[in-house]
Amino acid sequence: MTAPLDNDLLAEILMTAWEYGFHLQTVTTEMQRHLDALIAEGLIADAGGHLYGGAGDEARARKRYAELRGVRSCARCHCADDWACDGGCWWAAPDLCSRCVQETA
Ligand SMILES: [Zn+2]
Ligand SMILES: [Zn+2]
């Protein structure tokens with residue numbers, strides 16, 4: 001059982017870790033448990049308290065982000081409004097971003 005707020009925060013950490021790297025300061029036991037789960041799933045990596053993406057699959061991380069936030073994500077690459085493809089993209093179809101439409105065309 002997790003509160004919606006926790007999911008939002010977790011989603012934020014997940015995205016920040018991938019986009020910028022995230023330095024952990026104080027985390028609650030509850031949050032640490034969530035982070036450990038993300039690390040165990042290979043969605044983020046932990047280098048002595050510095051969280052980052054890179055090691056895992058970004059599409060998978062984005063999919064989780066969209067699930068946590070409850071926002072729509074691209075059916076193919078799982079980018080979302082807040083976490084677009086590198087170089088930017090837009091919705092070319094209800095469930096496909098401009099990048100993926102180009103690649104499948
Ligand atoms: Zn896409
Ligand atoms: Zn995209």
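**Helix α2, the nonpolar core and the sheet in a predicted model**

Immediately following α2, Gly-42 adopts a positive phi of about 80 degrees. This backbone value, like every other value reported here, was computed from a predicted model. The helix that precedes Gly-42 has the length expected of its residue count: at 1.5 Å a residue, the 12 residues of α2 should span 16 Å, and the C-alpha atoms at its ends are 16 Å apart, so the two values agree.

Helix α2 is one of 4 helices in the protein chain, which also contains 5 strands. Along the sequence, these elements are arranged in the pattern α-β-α-β-β-α-β-β-α. For the overall dimensions, a compact globule of 105 residues would be expected to have a radius of gyration near 13 Å; the protein chain has 14 Å, and the model therefore agrees with that expectation. Taken along the principal axes, the box filled by the C-alpha atoms is roughly 45 × 30 × 20 Å. Of the 105 residues, 27% are buried. Among contacts with a sequence separation of 6 or more, 34% join residues that are 24 or more positions apart.

The largest nonpolar core comprises 22 residues, of which Ala-11, Leu-14, Met-15, Ala-17, Ile-44 and Tyr-65 touch the most other members. At least two residues of this core are supplied by each of α1 (4-19), α2 (29-40) and α3 (58-69). Helix α1 provides the largest share, with 7 residues. The surroundings of Ala-17 illustrate how this part of the chain meets residues further along the sequence: when neighbours within four places are set aside, Ala-17 is in contact with Phe-22, Ile-44, Leu-51, Tyr-52 and Gly-53. One of these partners, Ile-44, is itself among the core residues that touch the most other members.

Strands of a sheet pair through backbone hydrogen bonds, in either a parallel or an antiparallel sense. In the present model, 3 strands form an open sheet in the order β1-β3-β2, and the pairing is antiparallel. Strands β1 (22-23) and β2 (45-47) occupy the edges, and each has a single partner strand; one side of each is therefore left without a neighbour in the sheet. The antiparallel pairing of β2 with β3 (residues 50-52) extends over 3 bridges. Within this pairing, Ala-47 has His-50 of β3 as its bridge partner. Contacts of Ala-17 also reach this region of the chain, as Leu-51 and Tyr-52 are among its partners.

Terms used. Residues numbered from 1 in each chain as written. Chains lettered and ligands numbered in written order. Predicted model: local features only at pLDDT ≥ 70, side-chain atom pairs only at ≥ 80, totals over all residues. Rg over C-alpha atoms; globule rule 2.2 N^0.38 Å. Buried ≥ 20, exposed ≤ 12 C-beta atoms within 10 Å, placed from the backbone. Contact = placed C-beta atoms within 7 Å. Core = buried A, V, L, I, M, F, W, Y, C linked by C-beta atoms within 7 Å. Expected span 1.5 Å × (residues − 1). Pairing = 2+ DSSP bridges.
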